[in-house]
Amino acid sequence: MAKKGKQGCSCPGFLRKNWLLLSTVAAVLLGIGVGVLVREYGKLSNLDKFYFSFPGEVLMRMLKLIILPLILSSMITGVAALDSSVSGKIGLRAVVYYFCTTVIAVILGIVLVVTIKPGVPQTANEIDRVGSTPEVSTVDAMLDLIRNMFPENLVQACFQQYKTKREKVEATTGVDRNSSTFTEEPVTTATTTEASENKTQEYKIVGVYSDGINVLGLIVFCLVFGVVIGKMGEKGQVLVDFFNALNEATMRIVQIIMWYMPIGIVFLIAGKIIEVEDWEIFRKLGLYMATVLSGLAIHSTIILPLIYLIIVRKNPFRFAIGMAQALLTALMISSSSATLPVTFRCAEEKNHIDKRITRFVLPVGATINMDGTALYEAVAAVFIAQLNDLELDLGQIVTISVTATAASIGAAGVPQAGLVTMVIVLSAVGLPAEDVTLIIAVDWLLDRFRTMVNVLGDAFGTGIVEKLSKKELEQMDVTSEVNIVNPFALETILDNNETETKKSYINGGFAVDKSDTISFTQTSQF
């Protein structure tokens, strides 16, 4: 009888524990239903469509609002809680994992697109072009990536990114320095020679700022700042406590946003379904979409779980189910950065990953780990070559692989950033950059699925890095416990002739000074 009672209580317990996930799934289904019904019978004007999507827009704005304090607080506290040597090892393991999975994703994408040949049955003229081609230079884009790692103004990096663009200048006239957007910027000229007319076309490089958080620059700063305050000992403890409190407050705000999420998702999905004007394009690009989606499915259900299983020796699908809320959110809002608050919550609360790992690994992963984007770019580049009836040799395929891997790292974690990096990949192998307009019409849908794969890759990365770093983390925990239980054991370290007045330990949470006074400080436990 007791057994039956226990089983009867399990259903309410399950609902209480997973209400957010279940309500999000219900919101997705309801959103699709509402979108289809309103599209068929509503006959809304463009203005009505805009107003209809408003609750979904509010959700996006709330999630984007929380990105900045979350990245700052999590990165700084995560790095400060680790020794510099330990954080270096964890960082190296994370980067190696990200690089390996991205390369595997690119190779998988190329194998599938070469095998299936989605572009062979049709030509580029049969597909309607949508939108415009972003103007991107491969060299300038890579240099901008490095420039953004070192922002000249930290406050500006919170809402703007640096970008260079080329402007043509007449060969006969001198370069007007005042025409540059920033007068302090040195004007650089690039020359190209036209063989037929033997004329030189000069360009000047102009620096501009575009809207959007410079996540890469903030991560580099937080990394250095966290290491520095971690080494400052007791002097830096005030800052560590401040950022710990900021992180805790931010996560509580995330919990409040989660209550609104199901409502926002209903209107976000319904609004997107209503906005799509031409569903015929999905039939024309059906084989291309099937190639991309099958690649993403193989990568997320076979390759990533297999890597996790081999290294961690635990059930990868149970881990993935723990991340279900974050994966659904990524699918709905198509931004790995905006999904970051939910990813943190799932990794720490559902999968019980060490906070020292999640705070350090997840912000970096949301910026540079783009498995889905890399796979998509490799497939799209070969697809466009097939549409133009161009045979790619082995060298060009290798070039696509390398460029797609490098470009995906530079892709910001924002919606449809892959289109900009797509132009870089096409330019690298001499394919027409304007053909990116052939796939823009379906990019909004594919972007959601590849973002979900990116987030899943980040999540598996935390579990793998935690397993590989288990020894270092346990050693830090043991050292911390020994120091707290018997702080006087450290007196033997201090020599009587030492001129040093005190030694501080962040993880132990105490300070030893010359007069053997033991003072305990309150530290946040990870």
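1. Asp-443 and Arg-450 are joined through their side chains in a salt bridge, with an N to O distance of 3.2 Å. The model is a predicted one, and the distances and areas in this note should be read accordingly. Asp-443 has a relative accessible area of 0% and is buried; Arg-450, at 1%, is buried as well.

2. A salt bridge also links Arg-356 to Asp-354, where the closest N and O atoms lie 2.9 Å apart. Arg-356 is buried, its relative accessible area being 5%. Asp-354 has 16% relative accessibility and, because the limit for a buried residue is under 20%, Asp-354 counts as buried.

3. The structure contains 10 salt bridges. One of particular note for the chain's connectivity pairs the side chains of Arg-93 and Glu-472, at 3.0 Å from N to O. Arg-93 belongs to helix α5 (residues 84-116) and Glu-472 to helix α20 (residues 470-485), so this pair ties together parts that are 379 residues apart in sequence.

4. The two partners of that bridge are set in unlike surroundings: Arg-93 is partly exposed, with a relative accessible area of 23%, whereas Glu-472 is buried, at 12% relative accessibility. Lys-89 joins Arg-93 and Glu-472 in a network of salt bridges.

5. Turning to the nonpolar interior, the largest nonpolar core comprises 120 residues, and Tyr-288 and Ile-400 have the most contacts inside it. Leaving aside residues up to four places away in sequence, Ile-400 touches Ile-110, Ala-378, Ala-381, Val-382, Leu-392, Val-425 and Val-429.

6. Ala-326 is located in helix α13 (residues 324-333) and is buried, with a relative accessible area of 0%. Ala-326 and Thr-339 are separated by 13 residues in sequence and by 6.5 Å in space, C-alpha to C-alpha. Beyond residues up to four places away in sequence, Ala-326 touches Thr-339, Val-342, Thr-343, Cys-346 and Val-455.

7. Nonpolar side chains also appear at the surface. Val-139, Leu-143, Ile-146 and Phe-150 make a nonpolar surface patch of about 400 Å². Leu-143 lies in helix α6 (residues 138-149) and counts as partly exposed, at 38% relative accessibility. In soluble globular proteins, nonpolar side chains tend to be buried together.

Notes
Residues are numbered from 1 along each chain as its sequence is written. This is a predicted model: local features need pLDDT of at least 70, side-chain atom pairs count only at pLDDT 80 or more; totals for chains, interfaces and linings use all residues. Side-chain values use heavy atoms; hydrogens and water are left out. A nonpolar core is a set of buried Ala, Val, Leu, Ile, Met, Phe, Trp, Tyr and Cys residues joined through side-chain atoms within 4.5 Å. Buried means under 20% relative accessible area, exposed over 50%, partly exposed in between (1.4 Å probe, protein chains only). Contact means heavy atoms within 4.5 Å. Patches are made of residues with over 30% relative accessible area and no salt bridge: like charges are joined within 9 Å, nonpolar side chains (Val, Leu, Ile, Met, Phe, Trp, Tyr) within 5 Å. Accessible areas come from the Shrake-Rupley method with a 1.4 Å probe; for residues, only the protein chains shown count as cover. A salt bridge is a side-chain nitrogen of Lys or Arg within 4 Å of a carboxyl oxygen of Asp or Glu. Helices (H or I, at least four residues) and strands (E, at least two) are DSSP runs, numbered from the N terminus.
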